[in-house]
Amino acid sequence: MTKQLKGVFLSIGVVGLMFPAIAQTSSSQPAADPAKPATINQRKENQQDRIANGVQSGQLTAGETANLEKKEATVNAEERDMRKLDNGHLTASDRKTLNQQQNQLSKQIYQDKHNTPVQNTNPKSEVGKRAENQQDRIAQGIRSGQMTAGEAARAEKNEANINKEIRNDRAANGGKLTGAEKAQVNRQQNRESRQIYRSKHNASHQ
């Protein structure tokens with residue numbers, strides 16, 4: 001085989017190898033622009049994920065979570081009102097206001113996740129284990145969107161009230177709960193468990 005023919009075949013082979021790469025490059029989707037600001041909905045989802053992670057890790061107590069979700073629900077309600085006034089759309093001014101509110105909430109989430117109060121994620125008592133299980137279910141509901149911010153706020157407010165009652169009972173009894181107190185807490189947790197289930201399986205979603 002002559003050197004000329006060898007050169008021709010080599011060139012054909014190189015071009016053949018290039019075609020799959022060219023095709024793959026042309027068919028792939030363009031990468032998302034990291035400099036593009038997140039939408040209002042993306043920011044809400046991000047905030048909810050951060051709250052859910054804080055609940056799951058114990059960095060956010062039930063009381064802190066209730067407060068954060070109440071604020072998130074307020075922002076969501078304001079957004080709905082804004083959209084009603086403009087046929088389902090948000091004006092530039094609306095977006096600016098909502099972003100400012102989400103910035104404030106973002107700072108609050110960070111502060112609450114990095115302060116001293118924490119939720120016990122490895123309790124030894126039966127009562128404590130039930131409380132931890134409820135927190136896990138709420139965290140999953142927040143992360144999946146099954147629970148709205150308002151529903152999560154109510155659930156965590158109930159949890160905070162139960163936790164406060166447990167602390168008061170223990171303080172009055174040398175750090176322990178009586179049989180009657182354990183029964184009372186279990187009844188409250190049963191009601192809370194049913195409410196979490198209803199909130200996660202109703203028509204409302206985040």
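Which residues does Asn-76 touch, once those up to four places away in sequence are set aside? The answer is Lys-44, Ala-149 and Gln-206. We'll come back to that little group, but let's start with the whole chain. Keep in mind that what you're looking at is a predicted model.

Start with the overall layout. The protein chain has seven helices and zero strands, so if you walk along from the N terminus, the elements read α-α-α-α-α-α-α. There are 206 residues in the chain, and buried ones make up 35% of them. The chain exposes about 13,000 Å², with carbon and sulfur atoms supplying 54% of that area. How does the chain meet itself? Take the contacts between residues at least 6 apart in sequence: 75% of them join residues at least 24 apart.

Now back to Asn-76. You'll find this residue in helix H3, which covers residues 62-85. Asn-76 has a relative accessible area of 7%, and it counts as buried because that is under the 20% cut-off. One of its contacts is Ala-149. Along the sequence, Asn-76 and Ala-149 are 73 residues apart, yet from C-alpha to C-alpha they are 8.3 Å apart in space.

Another of the partners of Asn-76 is Lys-44, so let's hop over there. Lys-44 sits in helix H2, residues 40-57. Is Lys-44 buried or exposed? With a relative accessible area of 14%, Lys-44 is buried. Its contacts, leaving aside neighbours within four places in sequence, are Glu-72, Asn-76, Glu-79 and Gln-102.

Among those contacts, Glu-79 deserves a second look. A search of the whole structure turns up two salt bridges, and Lys-44 forms a salt bridge with Glu-79, where the closest N and O atoms are 3.0 Å apart. Lys-44 lies in helix H2 and Glu-79 in helix H3, so this pair ties together parts that are 35 residues apart in sequence. Both ends of the bridge are tucked away: Lys-44 is buried, and so is Glu-79. For Glu-79 the relative accessibility is 4%.

Glu-79 has a further partner. It forms a salt bridge with Arg-83, and there the closest N and O atoms are 3.0 Å apart. Glu-79 and Arg-83 are separated by about one helical turn, because they are four residues apart in helix H3. Arg-83 is partly exposed, with a relative accessible area of 27%. Through shared partners, the salt bridges join Lys-44, Glu-79 and Arg-83 into one network.

Let's keep going past the end of H3. Asn-87 lies in the loop between H3 and helix H4, which spans 92-113. What is the phi of Asn-87? It is near 55°, a positive value in a residue other than glycine. That is worth a glance because most residues other than glycine have a negative phi. Asn-87 has 72% relative accessibility, so it counts as exposed.

On the other side of that loop, Asp-94 lies in helix H4. Asp-94 counts as buried, at 14% relative accessibility. Not counting residues up to four places away in sequence, Asp-94 touches Met-82 and His-89. You can also relate Asp-94 to Arg-83 from the network: they are 11 residues apart along the chain, and their C-alpha atoms are separated by 8.9 Å.

Our last stop is helix H7, residues 179-200, where you'll find Arg-194. Gln-189 lies in helix H7 too. What a contrast these two make! Gln-189 is buried, with a relative accessible area of 0%, whereas Arg-194 counts as partly exposed at 46% relative accessibility.

Which residues does Gln-189 touch, not counting those up to four places away in sequence? They are Arg-130, Ala-131, Gln-134, Glu-159 and Ile-162. Gln-189 can be paired with Val-127 as well: the two are 62 residues apart in sequence and 8.9 Å apart in space, C-alpha to C-alpha. As for Arg-194, it belongs to a patch of positive charge on the surface, where it gathers with Arg-187, Arg-191 and Arg-198.

Definitions and conventions
Residues are numbered from 1 along each chain as its sequence is written. This is a predicted model: local features need pLDDT of at least 70, side-chain atom pairs count only at pLDDT 80 or more; totals for chains, interfaces and linings use all residues. Side-chain values use heavy atoms; hydrogens and water are left out. Patches are made of residues with over 30% relative accessible area and no salt bridge: like charges are joined within 9 Å, nonpolar side chains (Val, Leu, Ile, Met, Phe, Trp, Tyr) within 5 Å. Accessible areas come from the Shrake-Rupley method with a 1.4 Å probe; for residues, only the protein chains shown count as cover. A salt bridge is a side-chain nitrogen of Lys or Arg within 4 Å of a carboxyl oxygen of Asp or Glu. Lys and Arg count as positive and Asp and Glu as negative; His and the chain ends are not counted. The place of a charge is taken as NZ of Lys, CZ of Arg, CG of Asp or CD of Glu. Helices (H or I, at least four residues) and strands (E, at least two) are DSSP runs, numbered from the N terminus. Buried means under 20% relative accessible area, exposed over 50%, partly exposed in between (1.4 Å probe, protein chains only). Contact means heavy atoms within 4.5 Å.
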